[in-house]
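I sat down with this one today and kept a few notes as I went. Here is what I looked up, in the order I got to it.

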Amino acid sequence: MENLLGIFVKSIFVENAIFAFFLGMCSYLAVSKKIKTATGLGLAVIFVMLLTAPLNYLILTYMLKEGALAWIHPSLATVDLTFLAFILFISTIAGAVQLVEMIVEKFAPALYSSLGIFLPLITVNCSILGASLFMQEREYNFSETLVFSVGTGIGFFLAIVLLASIREKLRYSKVPEPLQGLGMAMIITGLMAMAFLSFSGIKL
Amino acid sequence: MKLARKLVDSVKPKFAKGSKLEKYHYLFDAFETFLFVPDTTTKNGVHVRDAMDLKRTMLMVIIALIPSMLFGIWNTGHQHYLAFGMESSFMDNMIFGLIKVLPIIVVSYAAGLGVEFLFSITKGHPVSEGYLVTGLLIPLTLPVTVPLWMVALGAVFCTLLGKEIFGGTGMNFMNPALLARAFMFFAFPAFMSGDIWTDLSPEVGHQVVDAFSGATNLVVFDTNYASLPSAWDMFMGFEQGSIGETSVLACLIGAVILIVSGVGSWRIIVSIFVGGYLMGLLMNILAPADNLAHAMHTPAHFHWLMGSFAFGAVFMATDPVSAAQTNTGKIIYGLLIGIMIVVLRVFNPAYPEAVMLTILLLNVFAPIIDHIVVERHIKTRLKNA
């Protein structure tokens, strides 16, 4: 139980997908102009994360790992299909994103149009694939994977909403012309990452 | 005084519109208004009829900082002579402290104002008084042994990336002075932690006493809080630490000046102290009973007295630009700072002093706190309409 809580807090604050690993930067920088759209995208990412990482865990343990296919026939016990992990993980994510897209289009059409291309692009959001790959690399079990995926999603949500709120606040600042837009967002992200360093070093 | 006036008046036409040195007009303007009260009135922006403008606000903060600065100068000398086991009078301490601290302050001002002047010339905006406070805050957060080139680098970094890049004073989202401190802390960790808190430049005929330890109270409390000095000593500030942070008393005098003059928000200051105390109490309740030396057993009020809790709460967190703007937001912001400081102090062994990074972190959270407060307010008003 303590271990699960540790993973949860760690994935949100200490090893935040954005501020510690700089994963998922594209949508993070592009959809953070307004708090409202940022919240929408953040929630979509949490949902996709929650769906894909546990699903990928099941795929990994019952289909890909060495000996995982033994339940079909004993002669398959030596087969190791982990080299297929990347392509299968991405397919799961793409499928989940399709689902989210349909849900958002049906129930929040305004959000759907404001997110535009960035909703289907969640598929290639590095932090989502990152969560699945970290799950594989760190050899989490199912409950750990579940907690880790929610935590990483909330970490991304937090980061993108914070950036959006700061960018809304800075709308009245006189930023030099060459730095307006993305340039400023990069600098703000760097400064925010510095503030988030306060959590690094916490042992959980 | 008349001589200075004459001198200023004689060069004034050279900087006027259309003349040769027009580009440097704002530079000249800054020096003139620094020396004399300007006779021009505000031309743009908000026309509030009040004696309180940016210049007076900043001067008030500087006045509030003076007790901390003077005590820091005295304490620099006091700690130095204490480490060598030498008797020293009040004047000895002050003279030694001035020799060590004054160059840091001068370098901080020169480097930061240099960048500010450069921007005012190239971008054509007036030099703002904001840096007068930042330039004094940076030295007070540093250990006295810090190399001067590092002070300059930190001051340039924070003025450039912490402020000017956003458009100058009032446009940034993080406290520039703390940004300088954090930048130096991460870029040059060897100069910013360890046995650096007391100036140990050699004294003829004296050795550093055996009992001397370079550890600050924050390092001590992490291993065994019982070996901390008495609460009174920590309150007065007879301890090692950054130049301006040690004396809680001096910070509280500053707090009174800030609150009475209306410059600093009492909501922020009070809620930080309350948040820290409540979290300290909670830690005491949850502390492991079998390990009495554990940092969680530290009495809650000790957190107020250790390190730069008071200095950060009074001078850093109250920065009106980077703090939360709404009244409810200020209370939430303050409480969170107090809570986070104690949590990080106890649970994060990497940084014994959490005040700097906690306030920067809450600077990041301040806009969203304001946003939520405002949205909630709109919702309740709509419901009651």
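**Entry 1: a glutamate and its partner.** I began with A:E15, which counts as partly exposed at 25% relative accessibility. A reminder to myself before going further: this is a predicted model. I then asked which side chain A:E15 meets in a salt bridge. It is that of A:R138, with N and O 3.3 Å apart. A:R138 sits in the loop between α6 (126-137) and α7 of chain A, and A:E15 in the loop between α1 (2-14) and α2 (25-30) of chain A, so this pair ties together parts that are 123 residues apart in sequence. I checked the arginine too: A:R138 is partly exposed, at 28% relative accessibility.

**Entry 2: the same two loops, backbone this time.** I looked at phi in both loops. A:F22, in the loop between α1 and α2 of chain A, has a positive phi near 50° although it is not a glycine. Its relative accessibility is 41%, so I noted A:F22 as partly exposed. In the loop between α6 and α7 of chain A I found A:E139, another non-glycine residue with positive phi, near 55°. Is A:E139 buried or exposed? I have it down as exposed, with a relative accessible area of 66%.

**Entry 3: other salt bridges.** I searched the whole structure and got four salt bridges over all chains. One of them joins the side chains of A:R171 and A:E168, at 3.9 Å from N to O. A:E168 is partly exposed, at 24% relative accessibility. Over in chain B, I found B:D199 bridged to B:K100, with the closest N and O atoms 3.6 Å apart. B:D199 is in the loop between α8 and α9 (217-223) of chain B and B:K100 is in helix α4 (residues 90-123) of chain B, so the pair links parts 99 residues apart in sequence. I compared their surroundings: B:D199 is buried, at 7% relative accessible area, while B:K100 is partly exposed, at 26%.

**Entry 4: helix α3 of chain B.** I wanted to know how far apart the ends of this helix are. Its 30 residues (54-83) should span 44 Å at 1.5 Å a residue, and the end C-alpha atoms are 42 Å apart, which agrees. I did spot a kink of about 35° at B:I66, shortly before the proline B:P67. After the helix comes B:G85, with a positive phi near 65°.

**Entry 5: helix α7 of chain B.** This helix covers residues 176-187, and its twelve residues reach 16 Å from first to last C-alpha, close to the 16 Å expected. At its start, a side-chain oxygen of B:N175 comes to within 3.1 Å of the backbone nitrogen of B:A177. Why did I write "largely enclosed" next to α7(B)? Ten of its twelve residues are buried, so the rest of the structure largely encloses it. The buried ones include B:P176, B:R181 and B:F185. I then listed what the buried residues pack against: α8 (182-196) of chain A, and from chain B α5 (130-140), α6 (148-162), α8 (189-192), α14 (309-316) and α16 (355-384).

**Entry 6: confidence in chain A.** Last, I pulled up pLDDT. Chain A has a mean of 88, and 99% of its residues reach 70 or more. Among the elements of chain A, helix α7 (residues 142-169) has the highest mean, 94, and helix α5 (residues 109-115) the lowest, 85.

Methods
Residues numbered from 1 in each chain as written. Chains lettered and ligands numbered in written order. Predicted model: local features only at pLDDT ≥ 70, side-chain atom pairs only at ≥ 80, totals over all residues. Heavy atoms only, no water. Helix = DSSP H or I, 4+ residues; strand = E, 2+ residues; numbered from the N terminus. Expected span 1.5 Å × (residues − 1). Bend = angle between axes of the 7 residues up to and from the residue. Buried < 20%, exposed > 50% of the residue type's maximum accessible area, 1.4 Å probe, protein only. Contact = heavy atoms within 4.5 Å. Polar contact = N/O pair within 3.5 Å; in protein donor to acceptor, adjacent residues only side chain to side chain. pLDDT = per-residue confidence, 0-100.
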